[in-house]
Amino acid sequence: MKEKFDIIESSCIPLPTENVDTDQIIPARFLKATSREGFGDNLFRDWRFTPDGSKIDSFPLNDPKYSGCVLVAGKNFGCGSSREHAAWAIHDYGFRVVISSFFADIHKQNELNCFVLPVTVSETFLQELFATVAGNPQAKVRIDLPNQTVTNLTSGRVEKFDINPYKKQCLLEGLDDVEYLLSKKSDIEKFEESRK
């Protein structure tokens with residue numbers, strides 16, 4: 001599940017819908033599993049498939065002209081309940097980055113914990129990116145985590161994005177919270193020794 005981040009260049013899958021909530025990302029009826037694997041099969045289940053299981057061809061994830069590990073989503077992505085399964089489903093499907101102009105706070109944190117990078121951009125950058133992908137489904141973006149920039153490689157437009165410095169370090173080193181603490185074991189032991 002954990003992959004180190006550095007620089008990612010990829011085409012995008014557009015989802016220009018605002019207020020996508022976690023129940024749309026992964027419907028509640030699929031939350032019975034006890035491990036993180038397999039949730040990607042049901043990502044956006046009610047938008048990707050009819051009740052009889054047939055693919056809805058018009059949905060972007062089913063459209064073969066779109067590909068890549070970057071999801072570009074409308075404003076207020078991940079609102080609703082705090083279920084971490086939504087982030088699990090996004091990661092399990094294969095997305096490494098989600099770009100939006102606004103993320104629900106808890107969902108944003110859940111994505112970071114699942115090694116999915118949420119990139120917050122301005123609304124104008126987002127709309128330009130949607131237009132770029134509509135004009136050329138193979139258009140690419142470049143996400144540079146060390147420099148905290150995202151570039152529309154078609155237009156050349158660049159924006160900076162914010163990320164918690166601790167989470168940035170974890171993503172760059174491929175460490176979850178426990179592994180990060182273990183990497184500091186000698187420092188912790190020295191500190192404890194100094195308190196005796």
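**Exercise 1. The hairpin and its neighbours**

Which strands form a hairpin with four residues between them, and which residue in the turn has a positive phi? Work on the predicted model, and then follow the antiparallel pairings outward from that hairpin.

*Solution.* The hairpin is made by S5 and S6, and the turn residue with a positive phi, of about 55°, is Gln148. The two strands, S5 (140–144) and S6 (149–152), run antiparallel and are joined by four bridges. Within this pairing, the bridge partner of Arg142 is Thr151 in S6. The next step is to look at S1 (7–15), which pairs with S5 in the antiparallel sense over five bridges. In that pairing Ser11 stands opposite Lys140 in S5.

**Exercise 2. A loop residue that meets S1**

Locate Pro137, decide whether it is buried or exposed, and list what it touches beyond its sequence neighbours.

*Solution.* Pro137 is found in the loop between H5 (123–135) and S5. Its relative accessibility is 17%, and because buried means under 20% relative accessible area, Pro137 counts as buried. Leaving aside residues up to four places away in sequence, Pro137 touches Ser11, Cys12, Lys65 and Tyr66. Of these, Ser11 is 126 residues apart from Pro137 in sequence, while the two C-alpha atoms are 7.3 Å apart in space.

**Exercise 3. The parallel pairings**

Trace the connections from S2 to S3 and from S3 to S4, giving the sense of each pairing and the handedness of each crossover.

*Solution.* S2 (70–73) and S3 (97–100) pair in the parallel sense over three bridges, and the bridge partner of Leu71 is Val98 in S3. The chain crosses from S2 through H3 to S3, and this β-α-β crossover is right-handed. S3 pairs in turn with S4 (117–120), again in the parallel sense, over four bridges. Here the bridge partner of Ser100 is Thr120 in S4. S3, H4 and S4 make a right-handed β-α-β unit.

The side chains of S3 can now be sorted. In a regular strand the side chains alternate between the two faces of the sheet. Val97 and Ile99 point one way from S3, Val98 and Ser100 point the other way, and all are buried.

**Exercise 4. The faces of H5**

Which residues of H5 are buried, and why can they be said to line one face of the helix?

*Solution.* Begin with the length of the helix: at 1.5 Å a residue, the 13 residues of H5 should span 18 Å, and the end C-alpha atoms are 18 Å apart, which agrees. The buried residues are Phe125, Leu126, Leu129, Phe130, Thr132 and Val133. Seen down the axis of H5, these buried residues fall within an arc of 160°, so they line one face of the helix. The face turned away from that buried side carries the exposed residues Ala131, Ala134 and Gly135. What covers the buried residues of H5 includes S1, S2, S3, S5, S6 and S7 (158–160).

**Exercise 5. The core**

How many residues does the largest nonpolar core have, and which elements give two or more residues to this core?

*Solution.* The largest nonpolar core has 49 residues, and those with the most contacts inside it are Phe44, Phe77, Ile99 and Leu117. The elements that give two or more residues to this core are S1, S2, H3 (85–93), S3, S4, H5 and S5. Leu117 may be taken further: leaving aside residues up to four places away in sequence, it touches a set of residues that includes Phe5, Val97, Val98, Leu112, Ile143, Phe161 and Leu171.

**Exercise 6. Asparagines with positive phi**

Where do Asn19 and Asn76 lie, and are they buried or partly exposed?

*Solution.* Most residues other than glycine have a negative phi, and most peptide bonds are trans. Phi of Asn19 is nevertheless near 60°, and Asn76 has a positive phi of about 70°. Asn19 lies in the loop between S1 and H1, whereas Asn76 is found in the loop between S2 and H3. At 42% relative accessibility Asn19 counts as partly exposed, while Asn76, at 19%, counts as buried.

Note on methods
Residues are numbered from 1 along each chain as its sequence is written. This is a predicted model: local features need pLDDT of at least 70, side-chain atom pairs count only at pLDDT 80 or more; totals for chains, interfaces and linings use all residues. Side-chain values use heavy atoms; hydrogens and water are left out. Buried means under 20% relative accessible area, exposed over 50%, partly exposed in between (1.4 Å probe, protein chains only). Contact means heavy atoms within 4.5 Å. A nonpolar core is a set of buried Ala, Val, Leu, Ile, Met, Phe, Trp, Tyr and Cys residues joined through side-chain atoms within 4.5 Å. The expected span of a helix is 1.5 Å times one less than its number of residues. The arc is that of the directions from the helix axis to the C-beta atoms. Two strands pair if DSSP finds at least two bridges between them. A crossover is right-handed if, with the strands pointing away from the viewer, the path from the first strand over the helix to the second runs clockwise.
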